[in-house]
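Open the model in your viewer and keep the selection tool at hand. The stops below go from one part to the next, with a note on what is there.

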Amino acid sequence: MIYLNRLSKNNGMRELEYLRSVPECENGFYNPASLENLSSLESFKSWLEEKENESLGINLKEGYVPQTIYFVMEGEEVIGIGKIRHYLNENLLIRGGHIGLGISSSYRSKGIGTKALELLLEEALNTYGISNVLLTNSETNTASRRIVEKCGGILESINSGSCKYWINLAKKKVKKK
(Lines give C-alpha, C1' and ligand atoms only; values in the text may rest on other atoms or scores of the structure.)
Protein backbone atom coordinates (compact mmCIF):
# COMPACT_ATOMS: atom_id res chain seq x y z
CA MET A 1 0.00 0.00 0.00
CA ILE A 2 1.33 3.42 -1.01
CA TYR A 3 0.88 6.30 1.45
CA LEU A 4 2.39 9.65 2.41
CA ASN A 5 4.39 10.30 5.56
CA ARG A 6 4.72 14.01 6.33
CA LEU A 7 8.27 15.13 7.13
CA SER A 8 8.84 15.76 10.81
CA LYS A 9 11.82 16.37 13.05
CA ASN A 10 11.28 12.81 14.33
CA ASN A 11 12.22 11.19 11.00
CA GLY A 12 15.32 9.06 11.15
CA MET A 13 17.75 6.81 9.34
CA ARG A 14 15.40 5.41 6.67
CA GLU A 15 14.59 8.94 5.46
CA LEU A 16 18.24 9.98 5.71
CA GLU A 17 19.37 6.95 3.67
CA TYR A 18 16.66 7.57 1.09
CA LEU A 19 17.68 11.22 0.61
CA ARG A 20 21.32 10.18 0.33
CA SER A 21 20.28 8.00 -2.63
CA VAL A 22 18.42 10.80 -4.47
CA PRO A 23 20.44 12.66 -7.12
CA GLU A 24 20.89 16.41 -6.61
CA CYS A 25 18.69 16.98 -9.68
CA GLU A 26 17.01 14.41 -11.88
CA ASN A 27 14.45 15.16 -14.59
CA GLY A 28 13.84 18.59 -13.09
CA PHE A 29 13.21 17.29 -9.55
CA TYR A 30 15.64 18.71 -6.99
CA ASN A 31 16.63 16.82 -3.87
CA PRO A 32 15.55 19.19 -1.07
CA ALA A 33 18.57 18.22 1.06
CA SER A 34 22.17 19.11 0.30
CA LEU A 35 25.13 16.81 0.90
CA GLU A 36 25.98 18.93 3.93
CA ASN A 37 22.51 18.27 5.41
CA LEU A 38 23.00 14.54 4.87
CA SER A 39 26.54 14.21 6.24
CA SER A 40 25.45 12.99 9.69
CA LEU A 41 22.31 12.17 11.64
CA GLU A 42 22.82 15.38 13.65
CA SER A 43 22.96 17.61 10.56
CA PHE A 44 19.96 15.74 9.12
CA LYS A 45 17.94 16.33 12.31
CA SER A 46 18.76 20.04 12.09
CA TRP A 47 17.64 20.07 8.45
CA LEU A 48 14.38 18.28 9.36
CA GLU A 49 13.61 20.91 11.98
CA GLU A 50 14.36 23.69 9.46
CA LYS A 51 12.03 22.10 6.87
CA GLU A 52 9.29 21.54 9.44
CA ASN A 53 9.53 25.25 10.38
CA GLU A 54 9.46 26.27 6.72
CA SER A 55 6.23 24.31 6.26
CA LEU A 56 4.77 26.51 9.03
CA GLY A 57 6.08 29.69 7.37
CA ILE A 58 8.79 30.16 10.02
CA ASN A 59 12.20 31.53 8.94
CA LEU A 60 11.43 31.43 5.21
CA LYS A 61 14.19 32.63 2.92
CA GLU A 62 13.30 35.65 0.80
CA GLY A 63 11.36 34.60 -2.29
CA TYR A 64 10.29 31.26 -0.79
CA VAL A 65 6.79 30.12 0.16
CA PRO A 66 5.77 27.58 2.81
CA GLN A 67 6.35 24.06 1.50
CA THR A 68 5.59 20.74 3.14
CA ILE A 69 7.62 17.68 2.27
CA TYR A 70 6.15 14.18 2.27
CA PHE A 71 7.93 10.86 1.99
CA VAL A 72 6.18 8.39 -0.33
CA MET A 73 6.04 5.09 1.51
CA GLU A 74 5.37 1.47 0.68
CA GLY A 75 5.08 -0.33 3.98
CA GLU A 76 8.09 0.85 5.98
CA GLU A 77 10.22 1.68 2.92
CA VAL A 78 10.71 5.20 1.58
CA ILE A 79 10.26 5.00 -2.20
CA GLY A 80 9.79 8.64 -3.15
CA ILE A 81 9.39 12.20 -2.04
CA GLY A 82 6.79 14.85 -2.71
CA LYS A 83 6.56 18.56 -2.00
CA ILE A 84 3.47 20.74 -1.73
CA ARG A 85 3.92 24.49 -1.91
CA HIS A 86 1.05 26.11 -0.03
CA TYR A 87 0.67 28.94 -2.53
CA LEU A 88 2.52 30.30 -5.55
CA ASN A 89 4.72 33.32 -6.11
CA GLU A 90 5.74 34.71 -9.51
CA ASN A 91 8.70 32.33 -9.86
CA LEU A 92 6.64 29.23 -9.03
CA LEU A 93 4.03 30.27 -11.60
CA ILE A 94 6.75 29.94 -14.23
CA ARG A 95 8.59 26.85 -12.94
CA GLY A 96 7.90 24.71 -9.91
CA GLY A 97 4.16 24.94 -9.37
CA HIS A 98 2.37 23.62 -6.31
CA ILE A 99 3.62 20.03 -6.34
CA GLY A 100 6.95 18.33 -6.97
CA LEU A 101 7.35 14.55 -7.01
CA GLY A 102 10.24 12.13 -7.33
CA ILE A 103 10.05 8.33 -7.24
CA SER A 104 13.05 6.00 -6.78
CA SER A 105 14.20 4.62 -10.11
CA SER A 106 13.55 1.00 -9.06
CA TYR A 107 9.86 1.84 -8.42
CA ARG A 108 9.14 3.66 -11.67
CA SER A 109 6.79 2.34 -14.40
CA LYS A 110 4.65 0.56 -11.78
CA GLY A 111 1.88 3.13 -11.31
CA ILE A 112 3.41 4.39 -8.07
CA GLY A 113 4.02 7.91 -9.40
CA THR A 114 0.36 8.20 -10.38
CA LYS A 115 -0.81 6.95 -6.97
CA ALA A 116 1.62 9.27 -5.16
CA LEU A 117 0.44 12.28 -7.19
CA GLU A 118 -3.19 11.39 -6.45
CA LEU A 119 -2.35 11.35 -2.72
CA LEU A 120 -0.52 14.68 -2.98
CA LEU A 121 -3.51 16.19 -4.82
CA GLU A 122 -5.83 14.99 -2.03
CA GLU A 123 -3.48 16.55 0.51
CA ALA A 124 -3.28 19.82 -1.46
CA LEU A 125 -7.06 20.12 -1.46
CA ASN A 126 -7.87 18.79 2.01
CA THR A 127 -4.99 20.29 4.02
CA TYR A 128 -4.07 23.46 2.14
CA GLY A 129 -7.34 24.27 0.34
CA ILE A 130 -5.68 24.34 -3.07
CA SER A 131 -8.38 23.55 -5.61
CA ASN A 132 -6.57 24.63 -8.78
CA VAL A 133 -3.15 22.97 -8.79
CA LEU A 134 -0.22 23.94 -11.01
CA LEU A 135 2.40 21.35 -11.93
CA THR A 136 5.39 22.00 -14.13
CA ASN A 137 7.78 19.50 -15.61
CA SER A 138 10.40 19.13 -18.29
CA GLU A 139 9.09 18.81 -21.82
CA THR A 140 11.38 15.79 -22.32
CA ASN A 141 10.18 13.95 -19.17
CA THR A 142 7.44 11.95 -20.88
CA ALA A 143 6.85 9.67 -17.87
CA SER A 144 6.13 12.65 -15.61
CA ARG A 145 3.90 14.21 -18.24
CA ARG A 146 1.89 10.96 -18.52
CA ILE A 147 1.43 10.84 -14.75
CA VAL A 148 0.18 14.43 -14.63
CA GLU A 149 -2.19 13.80 -17.55
CA LYS A 150 -3.52 10.58 -15.94
CA CYS A 151 -4.34 12.67 -12.87
CA GLY A 152 -6.32 15.19 -14.90
CA GLY A 153 -3.61 17.66 -15.86
CA ILE A 154 -4.48 20.01 -18.69
CA LEU A 155 -1.49 21.33 -20.61
CA GLU A 156 -1.62 25.13 -20.73
CA SER A 157 1.72 25.87 -22.37
CA ILE A 158 5.27 24.80 -23.12
CA ASN A 159 7.92 27.49 -22.68
CA SER A 160 11.70 27.09 -22.68
CA GLY A 161 11.35 23.31 -22.33
CA SER A 162 8.99 23.52 -19.34
CA CYS A 163 5.41 22.23 -19.49
CA LYS A 164 2.75 23.98 -17.43
CA TYR A 165 -0.22 21.82 -16.38
CA TRP A 166 -3.27 22.72 -14.32
CA ILE A 167 -5.50 20.28 -12.43
CA ASN A 168 -8.83 21.67 -11.27
CA LEU A 169 -9.67 19.57 -8.21
CA ALA A 170 -13.19 21.02 -8.03
CA LYS A 171 -13.91 19.31 -11.38
CA LYS A 172 -11.90 16.17 -10.60
CA LYS A 173 -13.23 13.65 -8.10
CA VAL A 174 -10.72 13.92 -5.28
CA LYS A 175 -11.25 12.19 -1.97
CA LYS A 176 -12.20 14.61 0.75
CA LYS A 177 -11.44 13.78 4.36
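Select strand 4 to begin: 7 of its 8 residues are buried, so this strand is largely enclosed by the rest of the structure. The model is a predicted one, and everything below describes that prediction.

**The sheet around strand 4**

Widen the selection to the open sheet that contains strand 4. Its 4 strands come in the order 1-4-5-6, and their pairing is antiparallel. At the edges are strand 1 (2–6) and strand 6 (99–103); each has a single partner strand, so one side of each lacks a neighbour in the sheet. From one strand to the next, the twist averages 25°.

Now show strand 4 (residues 67–74) together with strand 5 (residues 77–85). The two pair in the antiparallel sense over 8 bridges. Pick Thr68, and opposite, in strand 5, you will find Ile84.

Go on to Phe71. Which residue of strand 5 is the bridge partner of Phe71? The partner there is Ile81. Turn to the other pairing of strand 4, the one with strand 1, which is antiparallel over 5 bridges. Here Phe71 is the bridge partner of Asn5.

Follow strand 4 into its hairpin with strand 5, where 2 residues lie between the strands. Click on Gly75 in this hairpin: Gly75 has a positive phi near 65°.

**Helices on this sheet**

Add helix 2 to the view. Helix 2 packs on the sheet and touches strand 1 and strand 4, with a direction at about 120° to that of strand 4. Next add helix 4 (residues 112–128). Helix 4 lies across strand 1, strand 4, strand 5 and strand 6, and runs at about 150° to strand 6.

**Helix 1 against helix 2**

Hide the strands and display helix 1 (residues 13–21) with helix 2 (residues 41–55). They pack at an angle of about 95°, and their axes are 11 Å apart. An angle from 65 to 115 degrees counts as roughly perpendicular, which means that helix 1 is roughly perpendicular to helix 2.

Show side chains where the helices touch. Helix 1 brings Met13, Glu15, Leu16 and Leu19, which meet Leu41, Phe44 and Trp47 of helix 2. Sorted by class, this contact has 6 nonpolar residues, no polar ones and 1 charged residue.

**The aromatic pair**

Stay on helix 2 and look for rings. How many aromatic pairs does the structure hold? There is 1 aromatic pair. Select Phe44 and Trp47, which form this stacked pair, at 5.8 Å centre to centre and with 20° between the planes. Phe44 and Trp47 are 3 residues apart in helix 2, so about one helical turn separates them.

Are these two residues buried or exposed? Residues under 20% relative accessible area count as buried. Phe44 has a relative accessible area of 0%, so Phe44 is buried. Trp47, at 1%, is buried too.

**The sheet of 3 strands**

For the last stop, select the open sheet of 3 strands, with the order 7-9-8 and antiparallel pairing. Strand 7 (132–138) and strand 8 (154–159) are at its edges; each has a single partner strand, so one side of each is without a neighbour in the sheet. Direction ignored, neighbouring strands here are turned by 20° against each other on average.

Finish with strand 7 and strand 9 (residues 162–168), which pair in the antiparallel sense over 7 bridges. Pick Leu134 and then Trp166, its bridge partner in strand 9.

Conventions:
Residues numbered from 1 in each chain as written. Predicted model: local features only at pLDDT ≥ 70, side-chain atom pairs only at ≥ 80, totals over all residues. Heavy atoms only, no water. Axes fitted to C-alpha atoms, helices over the stretch in contact; angles between N-to-C directions. Parallel < 35°, antiparallel > 145°, perpendicular 65-115°, else oblique. Contact = heavy atoms within 4.5 Å. Nonpolar A, V, L, I, M, F, W, Y, C, P; charged D, E, K, R; others polar. Pairing = 2+ DSSP bridges. Buried < 20%, exposed > 50% of the residue type's maximum accessible area, 1.4 Å probe, protein only. Phe/Tyr/Trp six-rings, centres within 6.5 Å; stacked < 30°, edge-to-face > 60°.
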